[in-house]
Structures are given as C-alpha cells and as structure tokens.
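Dear colleague,

I am handing over the structure we spoke about, and below it you will find my notes on its sheet, its loops and its surface. Please read them alongside the coordinates.

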Amino acid sequence: MPTALAFLLAFLPHSGLAFFASATGKPVIASFKPTSATIVAGQSTALTWTVSGTPTLSINQGLGAVTGTRVVVAPTVTTAYTLNATNRYGTVTAIATVAVLNPPVIASFQAASPALSLGQSTTLTWSVTGSTALSIGPGIGPVTGSTITVKPLVTTNYVLTASNS
C-alpha cells in the first residue's frame, strides 16, 4: 500500500517562504517479540515492540490497549499474540508466539519391598505423565513402561528422572 505524503506550506511574514514536508502513512512495526520465546508453565515473559507512526496499540488474548514498549504475560499454553498498531491511515499487525512447556509429573515412584536381605529382589513401580523419556539411576539407565525388577547388592537410593522434548 502506498504511503501518503503530506506537505505543509507556510508563509512566514518578512522572511519569505518556508516549506516543510513530512511522510505520513500507516504505522510501522519494526519488531514484536517475546524476551523468552519458550517458557515453562508458571513462568512469565515480556512481549516487547518497536512501533513508529504515532499509533494506538492493542494486543489480543485479553490484553487490550497497551502503551509503552512492553507488557508481561504468563500464558499457560502456547499462545500467539497479535499486536495491532492503528493510526488515521490504517492498521498493521504483527504476531509473536510464546511456547509453553509443561514439565512431566512423577505422581509416584516406589519399591514394592523397601527393605531387602542380600540376594533378594524388589519391583520398582512408577506413574508418570507428560514424559517422553524415563531413566533410573544409579546403574539402570533408560526405562519404559511402569515397572522394573531390581536386585541391589548394597543399600541403594534409586532416582527416577522424567523428561520431555
């Protein structure tokens, strides 16, 4: 869309003619981005922007009218924010997305028999949601499913680690 060019022509008494020109048009959004594009659920990030053209600004997702150059958000799911910059020549928009990671939840991790005699085995069981990889240490490594039988030779504290991408 072409930019309108407005001219102001002013006559100054006793000094001749003064001519001023200024470009006008739709606002320009030079940048619109989060300070952290990926956060963990429960964290916050700031949306920042640089806009010219004396616009009125608003952001969707319930934020409404904004002023300045930043606003703090704490989405609970991945969210795309749209910045609208409006002046008398029109409206322009830009989109910034904040990805929200939900960490895995270990609901339970236990041994069927927490006290063993030498040579005995026990079953470790767990319940995990939101995980793409599980590992048990020391000495076991990656696991799948929800149980594994172990036969420790010494007193051992097992640690279950759950992760996601």
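Two strands are said to pair if DSSP finds at least two bridges between them, and strands themselves are DSSP runs (E, at least two residues), numbered from the N terminus. This is a predicted model, in which local features need pLDDT of at least 70 and side-chain atom pairs count only at pLDDT 80 or more, whereas totals for chains, interfaces and linings use all residues. Residues are numbered from 1 along each chain as its sequence is written, and side-chain values use heavy atoms, with hydrogens and water left out.

On the sheet: strand 4 and strand 10 (residues 90-101) pair in the parallel sense over three bridges, and Thr38 has Ala99 of strand 10 as its bridge partner. Both strands belong to an open sheet of five strands with mixed pairing, which runs in the order 4-10-9-6-7. Its edges are strand 4 (38-40) and strand 7, each of which pairs on one side only. From one strand to the next the twist averages 30°, where axes are lines fitted to C-alpha atoms and angles run from 0 to 180 degrees between N-to-C directions.

On the loops: two residues other than glycine have a positive phi, namely Thr54, with a value near 40°, and Gln61, with a value near 65°. Thr54 sits in the loop between strand 5 (45-52) and strand 6 (56-59), while Gln61 is placed in the loop between strand 6 and strand 7 (64-66). With buried meaning under 20% relative accessible area, exposed over 50% and partly exposed in between (1.4 Å probe, protein chains only), Thr54 counts as exposed because its relative accessibility is 76%, and Gln61 counts as partly exposed because its value is 47%. A cis peptide bond, with omega about 0°, joins Gly137 and Pro138, and Pro138 lies in the loop between strand 13 (133-137) and strand 14 (141-143).

On the surface: Leu118, Leu153 and Val154 make a nonpolar patch of about 400 Å². Patches are made of residues with over 30% relative accessible area and no salt bridge, nonpolar side chains (Val, Leu, Ile, Met, Phe, Trp, Tyr) being joined within 5 Å and like charges within 9 Å; the areas come from the Shrake-Rupley method with a 1.4 Å probe, and for residues only the protein chains shown count as cover. A salt bridge is a side-chain nitrogen of Lys or Arg within 4 Å of a carboxyl oxygen of Asp or Glu. Leu153 is found in the loop between strand 15 (147-150) and strand 16 (159-163), and at 73% relative accessibility Leu153 counts as exposed.

With best wishes

Terms used
Helices (H or I, at least four residues) and strands (E, at least two) are DSSP runs, numbered from the N terminus.
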